[in-house]
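Here are some questions and answers for a reader who is meeting this structure for the first time. Please look over the sequence and the structure before reading on.

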Amino acid sequence: MIILLYEYEGKLLLKKYGFPLTYGKVVDNPQDAKVAAENFHSPVMVKAQILGGGRGKRGLIQMGKTPLDVHQIATSIFARNDLPEGPVRHLLIEQAIQIQQELYLSALIDRDRKQILLMFCSQGGVDIEELNQKNPKAIGKQWVDFDTKMFPYCFYDLVGSQGFDGRKKILLATMLSKLGNLLRDEDLLMAEINPFVFTTNDLPLVLDAKISVDPSAQYRHIEQQQMASLGENLNILEVYAQTNDLAFVQLNGDIGMISCGAGLSMATCDLLTQMGGTVANFLDVGGGASAEKVQSALELTFKIPQVKLVFVNIFGGITRCDQVAEGIIAALKKNLQHLPVIVRLIGTNDQIGVRILADHGIKAFTTMEPALNETITMRKQLDGGNHQ
Amino acid sequence: MNSLVTLPTFISSSTKVIVQGITGYQGKFHTKNMLEYGTNIVAGTSPGKSGESVEGIPVYDSIKDAQLHHEINTSIIFIPGPAVLAAAFEAMDAGLSLIVIITEHVPVWDVGQIITRASKEHITIIGPNCPGIISPGMGKLGIIPGNICISGHVGVVSRSGTLTYEILHELSLANIGQSMCVGIGGDPLHGIGFIDCLAYFDADPNTKSIVLIGEIGGSDEENATEYIHNFVHKPVIVYLAGRTAPPGKKMGHAGALVSGKSGSIENKLHVLEQFHIPVATFPKEIITFLRKIHE
């Protein structure tokens, strides 16, 4: 999963770094939304908190002129079941702002250049990827090294090139400096403010925030670990996977796929698909998996509703094939639907693993192609029949 | 771009290796295997365990301590993610010229710090989240199983681990030997990349053709394709993993993520096709392509 934060969580982080923000209230139901609107004494924006973009176009950001309005809007948004991101669980209620100008600011890790990229554009509120395709020169870009200190003066020219000077230039350069520091100190991969606005009273404000965090750095950010966006959008299977440290992506097919190593796992999915099968899941047990981990991988795969059979493809370097075999045998005791399991086992201790499986009636393959063929053949044989 | 100056000498007797994190499970297991394969490991570090030994290799608290007794120019790191930044900086402070980072889940900003400093000081970083390097019959710095390789003239460079083993194994079964295999790792930010390895293989008299194993996410393959077109004389065969991966989902590797239009398999295939670089649709096809070339 891409680890994105909800808008309100991103704004909490930005607040720590001194960004100008409007007051907002997070609510989980229409009644609280109405109460929040009552406290604002003015029109408010009702903003669905989802991990996706284009909310305005999808009716997920609406203005509520009265508290009753807001109650109605909130009810309709919470009832939405057509969103690919899943159901809306939270709304952010914010004061409606009169916008004079919209700008774009972002900071991200540029993996190609191995530097930090800061972007600034006087055209905010637009699809920046689209603008970058049509007219890349319209977006001001500046790259800095990972060890460069990002002070406001570093960005005067960048901001100036977009037509700003005087007090506003200094302010916006300061925002960019804060954004770069936020990226570094919070271990972010990307932080985007689109739009950053000046109100009709010429007040600066962050109106939206899209923030992506580095999962490998979560251990040093307790705040991030507790963020709602991280945990609540996983389904039951994904939670199980996370608990058992399994890299798992649910797909739409019916052949379960378990392998070790991301590249081999992806390639196995590719090959099964190319040979006419459909894959139910990508599941990478990683290197050096214990019997218990392999067992949980299989048990997870058995739980996928539409799975008809499972292919386990192990090339063991640090992974021990005897451990894999033990894990498979243990899991088969819980294979209540008696789903066929085809195993390919090669590498460290493979002869021991093959023998363990043979003792339990499973003939393990050594090479990948015949194992794939067997899987596809068996899947075809199951066509038209029920699970036995 | 890190220069590849140390790779040609890595497998000679002038390579002297220290294993950082030698007493951990991974450190111990792979030290044994590397020694068996002929790698010149002279010492190991494990803070607080100086005086111990692993497979006969002396353990020290720090690289500096080890250097009082041994000449060292290379390090391999088997240390958990949170401590890799310190370990890599320690290796750079010690003046080592090649550092291989096997560890997965190193924080991205830490990798950024490491490769930025390494670039300025002309130190070669390989990884993180990689299986390392192997030069069949001579030595290895990493975790690639020695028994799946045979000596030969195909240079292999890859973003993945076990998929690389699968392909090396297929090549060896078909009696197509390898000059060297380099695993550059599956993370979005990393040390040496495809281009560094392509440059090396193109200049290496022992390499006659090149196999490049890529995957979804990022633009490494597109950039490599352009480089191949402009600078590489030897034939290159490509295999890509993740053709059927859905966008928006991280497929195991932190770097295997299709986001918007960026990193998609379609883009990579399109660019490779434009420049007429053969792409195998399944691993065995790599062998078919290689045999055709050498006819």
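**Sheets and packed helices**

Q: Which residue of β4(B) does B:Ser53 stand opposite?
A: In this predicted model, strand β3(B) is joined to strand β4, residues 57-60 of chain B, by 2 bridges, and the two strands run antiparallel. Within β4(B), the residue that stands opposite B:Ser53 is B:Pro58.

Q: Which strands are the edge strands of the open sheet with the order β3-β4-β2-β1-β5-β6-β7 in chain B?
A: This open sheet of chain B holds 7 strands with mixed pairing. An edge strand pairs on one side only, and in this sheet that description fits β3 (53-54) and β7 (124-126) of chain B.

Q: Why is one side of β9 and of β14 in chain B left without a neighbour in the sheet?
A: Another open sheet of chain B, also with 7 strands and mixed pairing, has the order β9-β8-β11-β10-β12-β13-β14. Because β9 (139-142) and β14 (279-280) stand at the edges of this sheet, each has a single partner strand.

Q: Which residue of β12(B) stands opposite B:Val157?
A: Strand β10 (residues 151-158) and strand β12 (residues 209-215) of chain B run parallel and are joined by 5 bridges. Opposite B:Val157, in β12(B), stands B:Leu212.

Q: At what angle to β11(B) does helix α6 of chain B run?
A: Helix α6, residues 162-173 of chain B, lies across β10, β11 (178-183), β12 and β13 (236-241) of that chain. Helix α2 (residues 25-37) of chain B, for its part, lies across β8 (132-135) and β9, running at about 160 degrees to β9(B). For α6 of chain B, the angle to β11(B) is about 170 degrees.

Q: Why are α11(A) and α12(A) described as oblique to each other?
A: Helix α11 (residues 291-303) and helix α12 (residues 321-332) of chain A pack with their axes 7 Å apart, at an angle of about 40 degrees. Angles under 35 degrees would count as roughly parallel and those of 65 to 115 as roughly perpendicular, and the pair is therefore oblique.

Q: How many nonpolar residues does the contact of α11(A) with α12(A) have?
A: Residues of α11(A), including A:Leu298 and A:Phe302, meet residues of α12(A), among them A:Ile328 and A:Leu332. By class, this contact has 3 polar and 2 charged residues, while the number of nonpolar residues is 9.

Q: What radius of gyration does chain B have?
A: Chain B has 10 helices and 14 strands, and its C-alpha trace spans about 55 × 40 × 30 Å along the principal axes. A compact globule with 295 residues would have a radius of gyration near 19 Å, which agrees with the value for chain B, 19 Å.

Notes. Residues are numbered from 1 along each chain as its sequence is written. Chains are lettered from A and ligands numbered from 1 in the order in which they are written. This is a predicted model: local features need pLDDT of at least 70, side-chain atom pairs count only at pLDDT 80 or more; totals for chains, interfaces and linings use all residues. Side-chain values use heavy atoms; hydrogens and water are left out. Two strands pair if DSSP finds at least two bridges between them. Helices (H or I, at least four residues) and strands (E, at least two) are DSSP runs, numbered from the N terminus. Axes are lines fitted to C-alpha atoms, for helices over the stretch in contact, and angles run from 0 to 180 degrees between N-to-C directions. Angles under 35 degrees count as roughly parallel, over 145 as roughly antiparallel, 65 to 115 as roughly perpendicular and the rest as oblique. Contact means heavy atoms within 4.5 Å. Ala, Val, Leu, Ile, Met, Phe, Trp, Tyr, Cys and Pro count as nonpolar, Asp, Glu, Lys and Arg as charged, and the others, Gly among them, as polar. The radius of gyration is taken over C-alpha atoms; the globule rule is 2.2 Å times the number of residues to the power 0.38.
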